[in-house]
Amino acid sequence: MGQKVDLKEIKGVGEKLSQKILKSVGGENNLEKIVNELDLEKLYSIDGISQRKAIEIMNQLLGNPAQKFLKSERAIQLFEEIIQKIIDYSNTKYSENRILLLYPSKDKVAIEKQVKFIMKAKEKVSKLPIIKLRGLMKNLDEPIETKPKYDPSKAILVESQEDNDYLIELGLNQYYPIIIASESPTIKEEIRSYELIYYIYTEGFLDFGEMNNLIMINKEVPDYEIVPEVILDYFIVNQELFKKVAEIRKILNKKSSLNEISAILEEINYYKENKVDLEELVNSVKTEADAEIKIAIKNIDFEGDEVLDLLNNNLPPKIEKIFDDIILKSKEKIKEKSGIDFDPFLKKYPLEIDEKEIERIGRLENSKEENDLFDKKITAAKHLASIKKLVKEEVRETLEFDYEFSLGSFAYEYDLNPPKISNNFKIEGALHLELGLEKGENIQKVDYELGNPDNVALLTGANSGGKTTLLETIGQISIMAQMGLPVCANYAEVKLLDEIYHFSKKRSLDAGALESFLNIFMPIVTTHNEKLVLLDELEGITELEAAVKIISSFIEMIKDSNSYGVIVTHMASELMKYANVRVDGIEAKGLDENYNLIVDRTPKMNCLARSTPELILKRIYENSNGRLKEVYGEILEKF
């Protein structure tokens, strides 16, 4: 954690919620781990904690400055909209959490470092196969830690209770039952009932003679050499994840330990899948042999003595030879396909399978195969255990790369550029982020600036001319710059400020509007904090003359500070009588052939622009029909 913060001291947490959080995550150590790993999801998965509250808590615990910079609901919304646009480029929960923890700061060094990091990421992204990488990284996460699978057909044999306790501590009792030799009077009979016995010895004094289903393993070896599934299951469950990460690293020209995993696991699978079903093989060969015997015997001419032999239940030499030849050939077929040399047939027609022999050979072969498979598993587990730490690091690096990739993609797609930290506010070729991905001639970039002595300006002009959009663009650029992000402008100079206020015209000031205005806005200018104040049409706070006097006083107070302000208003003429303030205008020049406003979105400095309501009326008139069109026509005649 950045600094030691008591959960109870965080605004909106308190004793009760603090205890609930600690109980849910499993104590302070686990909470610290969650914070260090930026695992926001674990916080907002707790009942009663929203995502926004989780971000506030995490920022406090990380020692990040609280969001004191964002001082109004609309400013917070602008910030959240910026965050969401970056998250749209995120592919993993890890990078999403990192993005959610971006915050505005006044630390010039940290800001410039972050901007430099993102611009390098933008350059990097421009040279990468973006679509392919997004597909590979979609929903990547940390490797899953697997749960043991219990197999009661096999067992672990130990010599003493002490050995049993040791294996339980390792958790190996979750894989197989454990038998303690010293506590079982019929140990030999007991272990014969299992397909396989892993004898984990300390002294090695137990002697069971010839037991093909027993594997001896020294107790001192690592747990994965006793139960290789401890490692193998981890790599099997996460195999697809590791394949994707390996491919991503290949695209990024990074070395990887992940490439060999598939080959190692496939070798074990190949051995399992190519295991011969002995019973099925014997039955198949028997069917072929019976058909051959039948055909061969039909073609034999019997003499008198040979018929008498048949009557005496003896096989004549001719038939004996047929059986011997075909049985020998059948045995060779079985050996060729299974590698096992044995005689499974009794000399009768049809041939009879020697079930006892099949069972005996089956047990022997199963034990041999299990031993061979165990050896292969151990070899694989040893190698995989040696690279497990590296593999986890490579996955973590890839998740961290997604954070870089997300920011770089955002900057690349919106063609963002680094802002210059300055004492003025100036933008050239700027766009609102909502227009940042749009193409075409109708998309107009804007220029604007504030600085001494014109640190406050009134913005006037055409309805639907872009005043609100410009105000939000200024807000976005200021917020993004202080978040350490490049901005949506060809060039931008931004002053680092303590606070940003943005009030939109959608804000309701109907009931008690004057009192509401005074309570909300006047405290803004009573502090020494440097701020940016963006106000969008606050005409209706009281009757016109009083409103002009109050707002002009508000303007003068901002002008006399090191702050900046832009106020969209339709009463600029009246305000100019009381306040020495620059007035800028966005003018509509007319309507195009489709009755859309022709507007230069860049304000003209020191220009009181008309709101041109007649143009709006003309547009509506041209798009109307019937009586409604007549009404609009009558109104237009009065202009």
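**Close-up views of a predicted model**

G429 is buried, its relative accessible area being 10%. The model shown in these views is predicted.

**View 1. Surroundings of G429 in strand β8.** G429 belongs to strand β8, which covers residues 425-430. When neighbours within four places in sequence are set aside, the residues in contact with G429 are K445, V446, D447, C488, A489 and N490. The view also takes in T602, 173 residues from G429 along the chain, and the C-alpha atoms of G429 and T602 are separated by 9.4 Å. The relative accessible area of 10% falls under the 20% limit, and G429 is therefore classed as buried.

**View 2. Surroundings of T473 in helix α19.** T473 is located in helix α19, formed by residues 467-482. With a relative accessibility of 2%, T473 counts as buried. Apart from neighbours within four places in sequence, T473 has contacts with A430, L431 and H432.

**View 3. Packing of helix α15 with helix α17.** The axes of α15 and α17 are 10 Å apart and make an angle of about 150 degrees. The two helices are thus roughly antiparallel, and α15 passes α17 in a right-handed crossing. On the α15 side, the contact consists of L278, L281, V282, V285, E288, A289, E292, I293, A296 and I297. These meet I319, I322, F323, I326, K329, S330, K333, I334, K337 and S338 of α17. By residue class, the contact of α15 with α17 comprises 13 nonpolar, two polar and five charged residues.

**View 4. Salt bridge between K329 and E292.** Side chains of opposite charge can pair when their charged atoms come close. Here the side chains of K329 and E292 form a salt bridge with an N to O distance of 2.7 Å. Because K329 lies in helix α17 (residues 317-338) and E292 in helix α15 (residues 278-298), the pair ties together parts that are 37 residues apart in sequence. K329 is partly exposed, at 38% relative accessibility. E292 also counts as partly exposed, with a relative accessible area of 27%. Both residues appear among those through which α15 and α17 meet.

**View 5. Salt bridge between K495 and E530, and the network around it.** A salt bridge joins the side chains of K495 and E530, with 3.6 Å from N to O. The two residues belong to distant parts of the chain, 35 residues apart: K495 is in the loop between β11 (489-494) and β12 (499-503), and E530 is in the loop between α20 (513-521) and β13 (531-536). K495 is buried, at 12% relative accessibility. E530 is likewise buried, with a relative accessible area of 18%. Through salt bridges that share partners, K106, K495, D498 and E530 are joined into one network.

**View 6. Salt bridge between R582 and D584.** The closest N and O atoms of the salt bridge between R582 and D584 are 2.8 Å apart. Both of these residues are buried. In total, the structure holds 34 salt bridges.

**View 7. Packing of helix α2 with helix α4.** Helix α2 (residues 28-36) packs with helix α4 (residues 51-62) at an angle of about 95 degrees, and their axes are 10 Å apart. The two helices are therefore roughly perpendicular to each other. L31, I34 and V35 of α2 make the contact with M58, L61 and L62 of α4. The contact of α2 with α4 is formed by six nonpolar residues, with no polar and no charged ones.

**View 8. Backbone geometry at P453, N139 and D415.** The peptide bond that leads from N452 to P453 is cis, with omega near 0 degrees. P453 is situated in the loop between β9 (446-450) and β10 (456-461). N139, a residue other than glycine, has a positive phi, near 65 degrees. N139 sits in the loop between α8 (130-137) and β1 (154-158) and is exposed, with a relative accessible area of 63%. D415, also a residue other than glycine, has a positive phi near 50 degrees. The loop that holds D415 runs between α18 (355-413) and β7 (420-421). At 43% relative accessibility, D415 is classed as partly exposed.

**View 9. The chain as a whole.** The chain has 24 helices and 17 strands. Of its 639 residues, 48% count as buried. Among contacts between residues at least 6 apart in sequence, 70% join residues at least 24 apart.

Definitions and conventions:
Residues numbered from 1 in each chain as written. Predicted model: local features only at pLDDT ≥ 70, side-chain atom pairs only at ≥ 80, totals over all residues. Heavy atoms only, no water. Salt bridge = Lys/Arg side-chain N within 4 Å of Asp/Glu carboxyl O. Helix = DSSP H or I, 4+ residues; strand = E, 2+ residues; numbered from the N terminus. Buried < 20%, exposed > 50% of the residue type's maximum accessible area, 1.4 Å probe, protein only. Contact = heavy atoms within 4.5 Å. Axes fitted to C-alpha atoms, helices over the stretch in contact; angles between N-to-C directions. Parallel < 35°, antiparallel > 145°, perpendicular 65-115°, else oblique. Left-handed = near helix turned anticlockwise from the far one by under 90°. Nonpolar A, V, L, I, M, F, W, Y, C, P; charged D, E, K, R; others polar.
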